[in-house]
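Trainee: I would like to learn how to read an interface, a core and a buried polar residue from coordinates. Could we go through one example?

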Amino acid sequence: MNASGRPIFTNAWGDEILPPPAARSIPWKNVLIALLVAAGWALPLFWGDQAAVRTFALVFGSIVLEALPFMLVGSLIGGLIEVFVSRERLTRHLPRGPLALTCAAALLGLVLPVCECAVVPVVRRLTRKGLPLSAAVAYLLGGPIVNPIVGASTFLAYAGEWRIVALRLGAGYAIAVGVGWLMGRLFARRPALLHATAGEHAPAATCGCEHNHGHAHDHGGGRISARLGAALRHASDDFTAVAHYLILGAAIAAFAQTVVERRAVLELAAIPFLPSAAMMALAILLNLCSEADAFIGASFRGLVPVHAQMAFLLTGPMFDLKLLLMYRTLFTRRAIAALSILILLAVSLAVGAIELAGKAGL
Amino acid sequence: MNAIRFYLGRYGRPLLYLAWFIALAGLLPGGAYEAFLRPEFGILLGAAVVVLLGFLAVDMGRPPTPPKPIFGETIRVLILALPLAYLSVGRGVALDSGAFETRWTGPAGATAAGAPQAAPAAPETTAREADLVGLCWNSDAYEGQTVAVEGMLRHEPDVAARYGGNGWLLYRFVISCCAADAQPAAVMLTGEMATNWTDDAWVRATGRFTLRPDQPRPVPILELGALDPMQKPRNPYLY
C-alpha cells in the first residue's frame, strides 16, 4: 500500500509500475450475435443433409425469395420518391387536417398495392419527406391490407365470400386509422421516428448526389440519368438497411413453421376465449405475406370461428416477427412497444366486435 | 484492421449484390425456383435480378463510404448473405411428411365453398383423372365417381381410429405463393392395402370418391380399387 492506501503494483523484478488497466467488460451482446450468425452458417454447411435442416432451408429460402422482389421494388419506390418528389410537392398534395391525412394515408395501398415487406422502405422515405407519424403508421398498417391484391386473394381463398373480404378490408382500414391517429397523439411531444431522433447529422451511406450526408434532401435538378442513379443509390441504401431484419424474421418464421404444429394451435383455440388469441399468435409466428395469408386463414374454416380467422387475417399484415424487426429501421424502441400494444389491442377489439355482431345475427 | 474496414466498406455491398444476382439468375433457367415458389413468380424474380444488377452498377461507382463499425458491418453482410447458403440446400428438397405433420389440420372436403362446377357424369368403368385440389376443395364435382389421382402416402393411425379406413392418407402440398404457405390437401383411403408401403411413397390411386358427412367439415374418402407406385413428378406441388 502507498501513502494514500492504494495497492502498489510491481513487476517480476520488484519495480513499481502503473496499475494494469481495468478489466474491460466482455461485450456479451456481440458475442451472442456472432454465435447465432455462426450457427446460422454452420447449419447448412455441416448439417445440410439432415431432414429438419432441409425443410427449414426450403421454408426459409421460400420466404426470402417471395419477399425479396417486393422488398427491392419497395426500396426502388422509396428511392424514386426521395429523388423525384420534393418535400414541398408532397405536402402540397396531402390533405390539410391531421385526421383527414391519416384517413387518406390508410387508403394509399389502393394506389401503391405493396405487401408489408415492401411498405417499410417506402414509409422510411415518406417520413423523411415530412409525412407525419399518424399518416405514416396508417399507411404502414393499412397498405398491406387495404389493397386490391389482398382483396382479390381473400376473395379467391374464401371462394367468393364478399362478407369476409369486406370485413377484412373494413376492419383493417379502421385499425390503421385508429392506431395511426393514436400514435400521432401519443408521440406528439416525443420523437417516435428514428431519423427524427438521429437529427440531421445521422451518419448514412453516401448517396452519391454531391453531398455526403444522411439527411433528407431534394434532387430538384440535374439530368434524368443522374437522378435515376441517385434514386438507385438511395434504394440500395434502404434495401441493405432493412433487408437483414427481413432475413432474421424469415429465419425465425421458418423455424416456427418447422416445429410448431397447427393442430396444437387448434387445440388451444378450442379453449373458450382463446380462439382469437391462438390465431393471432399463429399469425405472428408464421410471418406470411399479406397477399397469400388468406389461403391459410381459409384452411381454418369450420375449425375456428369467423372472428378468430379474422384475428389471423388482421394481425399478420400489421404485426409479426419479421415486421417487429423491420420496424426497428423506422421507429424508436418506445414507439415500437406502443405500436405493438396498440395493434394487438385494436385487433382484439375488432374481432370482439365481429364476434358480438355474429352472435347478434348481423 | 483499417484495410479490412476499407475493403468491407468499398466492396462488401457490390460483392453481396453480385452473389445474390448469381444465385437468383441461377434459379431462373429451367424453373429451378419452382422448388420454392409458384411458377408465376418467375417474372418477379426476373425483375429482382434486374434491380439487383442496377444496385450492383451504382454501388460499384459509388464514392468510398465513411468508415463503419467493423463488427456491425461484418454481421450485416453475413446475415444478408445467409439465405444463399440455405437456397443451395433447399434447392433439391420438397415438402414431405415432416411438413405434413406440422401443417395438417385434419381431413376436410369443401362442398359449400362457392358454386362447385357440375361435372359430367363419368361411366363407372372409366376412372376420371382428378387432382387432390379438386377432390378436397371442389368435392361435390367428384362425389360418387371413380377417379384416378396421384399423390404421396402418409400413415395416420389417429385418422383410422376416428373415421375408420385403413389409416393411410393420400396427400399433396398445395402452394398459394411459396412453400412457406403450402398446405396439404389429403383424402382418406379405405380398402385393402399391402403392408410394405412407406410414408412419402408416390402412388397413383384409383377408386371411388365419396364424402362422409362429419363436423365441422365433410371427410373426403377414396375407396381404393388400385394403388400403383409411380415416379416422383418433376414438380411435386399443386397450385
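Trainee: How many residues does the contact take from chain B and from chain A?

Mentor: Keep in mind that this is a predicted model. The contact takes 64 residues from chain A and 60 residues from chain B.

Trainee: What is the area buried between chain B and chain A, and what percentage of that area do carbon and sulfur atoms give?

Mentor: About 5,600 Å² is buried between the two chains, and carbon and sulfur atoms give 72% of that area.

Trainee: How many salt bridges does the rule find across the interface?

Mentor: The rule finds 3 salt bridges between chain B and chain A. One salt bridge joins Arg13(B) to Asp237(A), with 2.6 Å between the closest N and O atoms. The count of residue pairs in polar contact between the chains, both residues at pLDDT 80 or more, is 14.

Trainee: Which helix gives the most to the side of chain B that touches chain A?

Mentor: α3(B) gives the most, with 14 residues. At least two residues each come from α1 (2-27), α2 (41-60), α3 (70-90) and α4 (97-103) of chain B.

Trainee: Now the interior. Why look for a nonpolar core at all?

Mentor: In soluble globular proteins, nonpolar side chains tend to be buried together. Here the largest nonpolar core has 159 residues. Those with the most contacts inside this core are Phe60(A), Val179(A), Met183(A), Phe331(A) and Leu24(B). Helix α2 (residues 51-84) of chain A gives the most to the core, with 15 residues.

Trainee: Where does this core lie with respect to domain 1 and domain 2 of chain B?

Mentor: The core lies between them, because domain 1 (2-90) and domain 2 (97-229) of chain B both give residues to it. Apart from this core lies another, of 27 residues, including Leu135(B), Ala141(B), Val174(B) and Ala205(B).

Trainee: Which residues is Met183(A) in contact with, leaving aside its neighbours within four places in sequence?

Mentor: With that exclusion, Met183(A) is in contact with Leu133(A), Val137(A), Ala335(A), Ala338(A), Leu339(A) and Leu342(A).

Trainee: Next, a polar residue. Is Asp320(A) buried or exposed?

Mentor: The cut-off for buried is under 20% relative accessible area. Asp320(A) has 1% relative accessibility, so it counts as buried. Asp320(A) is found in the loop between α14 (306-315) and α15 (321-326) of chain A.

Trainee: What lies 2.9 Å from a polar atom of the Asp320(A) side chain?

Mentor: The backbone nitrogen of Leu323(A) lies at that distance. Leaving aside neighbours within four places in sequence, Asp320(A) is in contact with Glu116(A), Ala283(A), Ile284(A), Asn287(A) and Leu288(A).

How values were computed
Residues numbered from 1 in each chain as written. Chains lettered and ligands numbered in written order. Predicted model: local features only at pLDDT ≥ 70, side-chain atom pairs only at ≥ 80, totals over all residues. Heavy atoms only, no water. Core = buried A, V, L, I, M, F, W, Y, C linked by side-chain atoms within 4.5 Å. Buried < 20%, exposed > 50% of the residue type's maximum accessible area, 1.4 Å probe, protein only. Helix = DSSP H or I, 4+ residues; strand = E, 2+ residues; numbered from the N terminus. Domains from an automatic or database assignment. Contact = heavy atoms within 4.5 Å. Polar contact = N/O pair within 3.5 Å; in protein donor to acceptor, adjacent residues only side chain to side chain. Buried area = accessible area lost by both parts, 1.4 Å probe. Salt bridge = Lys/Arg side-chain N within 4 Å of Asp/Glu carboxyl O.
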